[in-house]
Amino acid sequence: MWKYILKRLILAVVILVGVSVLIYMLTMLMPADYIDQQTAAAVQSGAMTQEDVMHLKELYGLADKSFGGIMKSYFSWLGSTMTGDLGYSFLYGKPVTEVLGEYIWTSFIIALIAFVLEIAIAIPMGIKASVNQYGAYDYTVSVFAMIGTALPSFFLSALLMNVFSIQLRWLPLQGLTTATKVFLPGQGFQVFLDKAWHLILPITVLVVLGIGGTMKFTRTNMLEVLNSDYIRTARAKGLSEHTVVYKHAFKNTMIPLVTSLSGALPSLFGGAMITETVFAIPGIGYMALRATQQGDIPFIMGYNMFLAILTVLGMLISDLMYMVVDPRVKLK
């Protein structure tokens, strides 16, 4: 097993280097960079000249966008990254690691709660739908799952905001806290309740959008297992339907489920970019969108490489989890 893990780690390093080169080149070749964004108005009004803009680009390392210049800049970034320095964010005026550490936990809490609720709701729904195949429950759940999967996140967010925030006024519209409230140092619990109240709609959007895929995946795999010969043998022996479904069938369904859930790790920390933007929540997804729009190369690279590392780590964890859910699996 350790030899397998070592091989995967070496392969992960190669993948991460390739991903970093690709992301860096695409970012550097964007039509406009951070300096262009910040100086556009000044150049148009005549307050700055193109020579001034090029001087600023040289200071920020954005002047030479030839292949040789990009690769030279990339290796400089790579050398700093190997020492743990992800660079200094142009947009936020802080080290990239500091910005990530400041905003990532808001996104993590939102994604973790949504992920737990999604799994707790979708898997039982998928199991029950497979047991009642072609029944009223199966058709009803499948239709709602397809609707939830097909809805764009911004559309569902706007719909819920219009109904529950604007029309009914039950829930806050945007933000993480109430702007009109002033909390004293000893009112930590009140701050927690206020933030939780603001997160109801964003978490609801993420759960509704995620339930459909997990439910359909669980249902499909459960149906395949329930039609197996050993399941018919278990029923012929007189075992209860509950034992057949949850002890025998669902245990084997967990193997493909582990594969599908391996991407949960980067999604937990990556932030819901569109949802956070619509609800104006200062999470890492919202901050990454702003940085991308402004051409903040250090932050874009730090954010994407962080997600790439989590993706590779999630795939390795899923491979190791095979041995837990199925002892027959041997990693070589």
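Me: What percentage of the 332 residues of the protein chain count as buried?
Reply: The model considered here is predicted. A residue is taken as buried when its relative accessible area is under 20%. Of the 332 residues of the protein chain, the share that meets this condition is 39%.

Me: How many helices and how many strands are there in the protein chain?
Reply: The C-alpha atoms of the protein chain occupy a box of roughly 85 × 60 × 40 Å along the principal axes. Among contacts with a separation of 6 or more, 73% join residues 24 or more positions apart. The chain contains 15 helices and 0 strands.

Me: Which helix gives the largest share of the largest nonpolar core?
Reply: The largest nonpolar core has 21 residues, and those with the most contacts inside it are I110, L199, L201, I203, M215, F279 and I281. Two or more residues each come from helix 5, helix 6, helix 7 (153-167) and helix 9. The largest share, 7 residues, is that of helix 9.

Me: Which residues is L201 in contact with, leaving aside its neighbours within four places in sequence?
Reply: L201 is one of the residues with the most contacts inside the largest nonpolar core. A contact requires heavy atoms within 4.5 Å. By that criterion the partners of L201 are L160, M161, F164, S165, L171, P172 and F279.

Me: Where do the buried residues of helix 6 fall, seen down the axis of the helix?
Reply: Helix 6 (residues 136-150) buries D138, V141, S142, A145 and G148. Seen down the axis, these buried residues fall within an arc of 130 degrees, so they line one face of the helix. On the other side, A136, Y139, F144 and A150 are exposed. The answer is therefore one face, within an arc of 130 degrees.

Me: Which helices do the buried residues of helix 6 pack against?
Reply: Helix 6 has 15 residues and reaches 21 Å from its first C-alpha to its last, close to the 21 Å expected. Its buried residues include V141 and A145. The elements they pack against are helix 5 (96-131) and helix 9 (200-226).

Me: At which residue does helix 5 bend?
Reply: The 36 residues of helix 5 should span 52 Å at 1.5 Å a residue, and the end C-alpha atoms are 50 Å apart, which agrees. The helix nevertheless has a bend of about 35 degrees, located at I104.

Me: At which residue does helix 7 bend?
Reply: The 15 residues of helix 7 should span 21 Å, and the 20 Å between its end C-alpha atoms agrees with this. Its buried residues are S153, L156, S157, L160, M161 and S165, and their cover includes helix 9 and helix 13 (273-278). Just after the helix, R169 takes a positive phi of about 60 degrees. The bend, of about 30 degrees, is at M161.

Me: Is W77 buried or exposed?
Reply: W77 lies in helix 4 (residues 67-82). Beyond four places in sequence, W77 touches S20, Y24, L86, M301 and M305. W77 also forms one aromatic cluster with Y24, Y74 and F75. With a relative accessible area of 10%, W77 is buried.

Me: How far apart are W77 and L156 in space, C-alpha to C-alpha?
Reply: W77 belongs to helix 4, while L156 is one of the buried residues of helix 7. The two are 79 residues apart in sequence, and their distance in space is 39 Å.

Me: Why is the pair of Y34 and F90 tilted?
Reply: Y34 lies in helix 2 (residues 34-45) and F90 in the loop between helix 4 and helix 5, so the pair ties together parts that are 56 residues apart in sequence. Y34 is buried at a relative accessible area of 10%, and F90 is buried at 16%. Planes under 30 degrees apart count as stacked and those over 60 as edge-to-face. The ring centres are 5.5 Å apart and the planes stand at 40 degrees, so the pair is tilted.

Me: At what angle do the ring planes of F299 and Y303 stand?
Reply: F299 and Y303 are 4 residues apart in helix 15 (residues 297-325), a separation of about one helical turn. F299 is buried, and so is Y303. The ring centres lie 6.3 Å apart and the pair is stacked, because the planes are at 5 degrees.

Key: Residues numbered from 1 in each chain as written. Predicted model: local features only at pLDDT ≥ 70, side-chain atom pairs only at ≥ 80, totals over all residues. Heavy atoms only, no water. Expected span 1.5 Å × (residues − 1). Buried < 20%, exposed > 50% of the residue type's maximum accessible area, 1.4 Å probe, protein only. Arc of directions from axis to C-beta. Bend = angle between axes of the 7 residues up to and from the residue. Core = buried A, V, L, I, M, F, W, Y, C linked by side-chain atoms within 4.5 Å. Phe/Tyr/Trp six-rings, centres within 6.5 Å; stacked < 30°, edge-to-face > 60°.
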